[in-house]
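Reader: I've got a structure open on my screen and a few quick things to ask. Mind walking me through them?

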Amino acid sequence: MALVVIIDLIAIIALLSLARSKQGLENSLPFAAFLIVLVPIDAGFFTITIHRVIIGVLVLLYLTSAGRADREARRLPAPLKALLIVNVCWYLVAAANSLDVMTSIKKAVSVILEYYAVYFIYVKTISSVKTINRIIVAIVLAIVVCCLFGVSEAYQGWTILSYFPAAAHHWEDTAPDRDMRIQSTYPHAILYGAALAMAIILAFYLLTVVSTTVKKIALWTGLALMFLNLYKTGSRGPWIDTILGCLLLLLFSKGQVRRAISYVALISVLVLVLRPGVWLTIKSIYINTFDTETSTGTSYAYRQALLDAAVRRLSGGPVSRLLWGYGPESFYSVRLEGELAHKPHVFLSCDNSWVQFLIETGAVGLAIMLIMLMNPAWAAWRQFMRLPKPSRYLSLTLLIVFAIWYLQMYSVSMYSWGQTGYTLWILIALTYSYRRIANRQSAPPEASRKSLGKAAASAVQNSIWFGNESEAQDNWHWGTVDNAGDLFTKRRG
């Protein structure tokens, strides 16, 4: 408990101190993201977790620093606002018809006050691409710190979670046919693996941003730790997600990222050749995946069996349950029954976020969530297609992260469990903040057009993606990361 108090105090003091700068709340966002990604989700006293303390401080700073945030962003309606309102209303409808009304209402309020509050604060406060990149650096750095804990867990058997209050689960996690699976500060190895897959893609993007040798060495060291930890999670889904993400980067990104991924592929092949035990472990997991007599195979079959049981329960029950489900956080009360490996089974673990949406909020709730979560992915795709190089690669990175994230949601309840749900909404906020900044800076002011002339105005248009509107006319470019974490250096044309 002492560690929880210390982290709470560090979070409060640091966030308040950072917000006292000229940038105000915006200067606190990277550190808040660092803590949100790093700190265990269940750490806290009763229901007052560290994450809720962080969010409470951000809300307080937002309400008391209106003049120092992005004023234009505060005047404009928040992206996704209509869908968020619809989703909240439907959550309340589902909660009102829940098997456990009070539990469902608490869950609905929790989603509104946590996920949506984080999204709202970030999207309404970020005013520059510089802040976006600093937040990405903070997320990657948090995962690298997790990796240090993961290495100790893998090779020394020491786990950082032993210093935090133990969290109760609805099931017993056993996998006798697999080696120890590390989880660092996350509630489960597969959640940690999903976070690693996301961070690896973000780290490849950062390699295109920094230019100093020291920073590149630091990033490569972090990538090495992340790949080692990813292997040690023993989670097939995150492995596949990482491979898919790297393939998409190879297909759509530029030369520097392609070379980096080629190096990683070459090193991976060398590891498999020089360390045959690694290959045998992967081969064994692959073989066991299709053998339902093993826990690995049962786990693989579980996802499809869970989906079948959910569809059967809703389609065979009242139409009302098909529409609005059994209420938020009601999955464990529903006790889905079905067949797993040709045997009757009661599904006590909801290893599928999409199934959880379906059971708890019905077909309508699932449709709302699909539209709401696909919207930022579509926005990132449109940005990637219309922005000039190299500014388009940030949108590509976010698009790929969304793609692997939503795929991984099929095999684990990573939306409402662990740090991953908060991280997702931060990344969604980054996507819309980047779009707003791009739209605002897509052309110089009319007076500047006339004074600069056609050719000069075109040059400004091609440089605006690298700073704010006034910085565009000073010709900002990608540059090095200085000691303060700035991701741009000024270069006069």
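Author: Sure, here are some short questions and answers on this predicted model.

Reader: Let's start with cysteines: how many disulfides does the structure hold?

Author: A disulfide needs two cysteine sulfur atoms within 2.5 Å. By that cut-off, the number of disulfides here is zero.

Reader: Is Cys350 buried or exposed?

Author: Compare two cysteines. Cys89 has 44% relative accessibility, so it counts as partly exposed. The cut-off for buried is under 20%. Cys350 comes in at 3%, and therefore Cys350 is buried.

Reader: Now helix H19: how many of its residues are buried?

Author: H19 runs over residues 420-440 and reaches 30 Å from its first C-alpha to its last, close to the 30 Å expected. The rest of the structure largely encloses H19, because the buried count is 19 of the 21 residues.

Reader: What is the accessible area of the nonpolar patch that includes Ile13?

Author: Ile13 sits in helix H1, residues 2-18. Its relative accessible area is 53%, so Ile13 is exposed. It shares a surface patch with Val5, Leu9, Ile12 and Leu16, and together they have an accessible area of about 390 Å².

Reader: And what separates the C-alpha atoms of Val319 and Gly362?

Author: Val319 belongs to helix H15, residues 319-324. With a relative accessible area of 59%, over the 50% cut-off, Val319 is exposed. Gly362 is 43 residues away along the chain, and the C-alpha separation is 9.8 Å.

Conventions:
Residues are numbered from 1 along each chain as its sequence is written. This is a predicted model: local features need pLDDT of at least 70, side-chain atom pairs count only at pLDDT 80 or more; totals for chains, interfaces and linings use all residues. Side-chain values use heavy atoms; hydrogens and water are left out. Buried means under 20% relative accessible area, exposed over 50%, partly exposed in between (1.4 Å probe, protein chains only). Helices (H or I, at least four residues) and strands (E, at least two) are DSSP runs, numbered from the N terminus. The expected span of a helix is 1.5 Å times one less than its number of residues. Patches are made of residues with over 30% relative accessible area and no salt bridge: like charges are joined within 9 Å, nonpolar side chains (Val, Leu, Ile, Met, Phe, Trp, Tyr) within 5 Å. Accessible areas come from the Shrake-Rupley method with a 1.4 Å probe; for residues, only the protein chains shown count as cover. A salt bridge is a side-chain nitrogen of Lys or Arg within 4 Å of a carboxyl oxygen of Asp or Glu.
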